[in-house]
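Here is a short briefing on one protein chain and its metal sites. Look over the sequence and the structure first, then read on.

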Amino acid sequence: MAKQIRIGHRYTRKKKVYLRGFKNNRIFLKMTNELLKNTLLRAIHSGAEILRHYFEGTFEIQSKDTLNNLVTEVDKKSEDAIIDVIKSEFPEHFILSEEVGELSTASNYKWIIDPIDGTVNFAHGIPICCISIGLERDGQMLMGAVFNPFMNELFFAERGKGAFLNNKPLKVSSNANMEIACLVTGFPYRWASIETDPIPVFERFVRLGLPVRRLGSAAIDLCWVAAGRFDGFWEYNLNPWDIAAGYLIIEEAGGRISNFKGQPYSVYDKETLATNGKIHDQMLELISK
Ligand code: IPD
Ligand code: CA
Ligand code: CA
């Protein structure tokens, strides 16, 4: 009898220890996520300050691989400011950023940064541009933010916790008919050097009489689908830094994102279709004709 009680007691204690460990782990993860979010927001605001400072002033502009694929000194300053904030908190984390490339480490956290998405707009004084930062943990997007400081619009999403615009919950549109959809797309600045010609697909949508916009910032395009302003977006040849944050913002706002075959999406894909979910298959059909 006494033995039974002892066994039961040990079991109970073990269970408690186990439960306490589990709870501690959850508290630890919650604290980590809060610190990550805090750092993400501090980083994006520090980049935004740089964009605001230079927007109406003068700055150096250079061409990259093609004449109109631009980089300005502001892209680099914004990138430095963002990376400084992240490194000050998490010096061991992996960074992938458009202008510096990979600052590779063995960490399971990877920050994917576009210090200005919409550089051509920025260089021409068009206030449709933003900073985009996505954060992967173990290869899965954990949180992301896109900030257009000129419209004061901060989009944010955390996996499983929803998407927000300036702290208000975001939801994709409810339109289920592609024929009355408002769409957005983009075209690569390196058309001559890539295989896919984006014009035939663009033409198919335009011939249906659909309004198709081209804003010049893929990250903003994605966020505006998440906000229900557009019903769908597609583009060839984007890079992970264009999409990392917007990808999660779309999903958390109830939208769908895939490649042009409708397969599950990766930010390292070269085909991006993001919609409210309801017109996704209709768009896929037209794209793959
Ligand atoms: C560009 C923008 C644009 C898209 C281009 C991207 P950048 O990014 O997102 O909308 O059409 O393909 O390269 O160069 O301004 O960071
Ligand atoms: Ca970009
Ligand atoms: Ca950029």
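A residue counts as buried when its relative accessible area is under 20%. By that cut-off, 51% of the 289 residues in the chain are buried. The model is predicted. Two calcium ions, ligand 2 and ligand 3, sit 3.7 Å apart, with D114 coordinating both.

**Overall build**
- The chain has seven helices and 15 strands.
- Its C-alpha atoms fill a box of roughly 85 × 45 × 35 Å along the principal axes.
- Take the contacts in the chain with a separation of 6 or more: residues 24 or more positions apart account for 62% of them.

**Calcium ion, ligand 3**
- The protein donors here are E98 (OE), D114 (OD) and I116 (O).
- They lie 2.2 to 2.3 Å from the ion.
- Along the chain, these donors follow the spacing E-x15-D-x1-I.
- D114 and I116 are both buried.

**Calcium ion, ligand 2**
- Three carboxylate side chains supply the protein donors: D114 (OD), D117 (OD) and D242 (OD).
- Their distances to the ion are 2.1 to 2.2 Å.
- The donor spacing is D-x2-D-x124-D.
- D117 and D242 link distant parts of the chain, 125 residues apart.
- D117 belongs to strand 5 (residues 109-117), whereas D242 belongs to helix 6 (residues 240-252).
- Both D117 and D242 are buried.
- D114 bridges this ion and the calcium ion of ligand 3.

**Nonpolar cores**
- The largest nonpolar core holds 38 residues.
- V146, F155, L170, F233, I243, I249 and I257 touch the most other members of that core.
- Strand 3 (94-97), strand 7 (140-148), strand 8 (153-158), strand 9 (163-165), helix 5 (218-226) and helix 6 each supply at least two of its residues.
- Helix 6 thus appears twice in this briefing: it contributes to the core, and it carries the calcium donor D242.
- Another core, of 33 residues, lies apart from the largest one and includes I83, I131, M143 and F156.
- Leaving out residues up to four places away in sequence, I257 touches L222, I243, Y247, I250, E251, Y265, T272, L273, A274 and H280.

**Surface and charge**
- About 14500 Å² of the chain is exposed.
- Carbon and sulfur atoms supply 54% of that area.
- The chain has 35 positive and 35 negative charges.
- The mean positions of the two sets are 16 Å apart.

Key: Residues are numbered from 1 along each chain as its sequence is written. Chains are lettered from A and ligands numbered from 1 in the order in which they are written. This is a predicted model: local features need pLDDT of at least 70, side-chain atom pairs count only at pLDDT 80 or more; totals for chains, interfaces and linings use all residues. Side-chain values use heavy atoms; hydrogens and water are left out. Donors are N, O and S atoms within 2.8 Å of the metal (3.2 Å for Na, K and Ca); water is not among the atoms, so sites may look incomplete. Buried means under 20% relative accessible area, exposed over 50%, partly exposed in between (1.4 Å probe, protein chains only). Helices (H or I, at least four residues) and strands (E, at least two) are DSSP runs, numbered from the N terminus. Contact means heavy atoms within 4.5 Å. Accessible areas come from the Shrake-Rupley method with a 1.4 Å probe; for residues, only the protein chains shown count as cover. Lys and Arg count as positive and Asp and Glu as negative; His and the chain ends are not counted. The place of a charge is taken as NZ of Lys, CZ of Arg, CG of Asp or CD of Glu. A nonpolar core is a set of buried Ala, Val, Leu, Ile, Met, Phe, Trp, Tyr and Cys residues joined through side-chain atoms within 4.5 Å.
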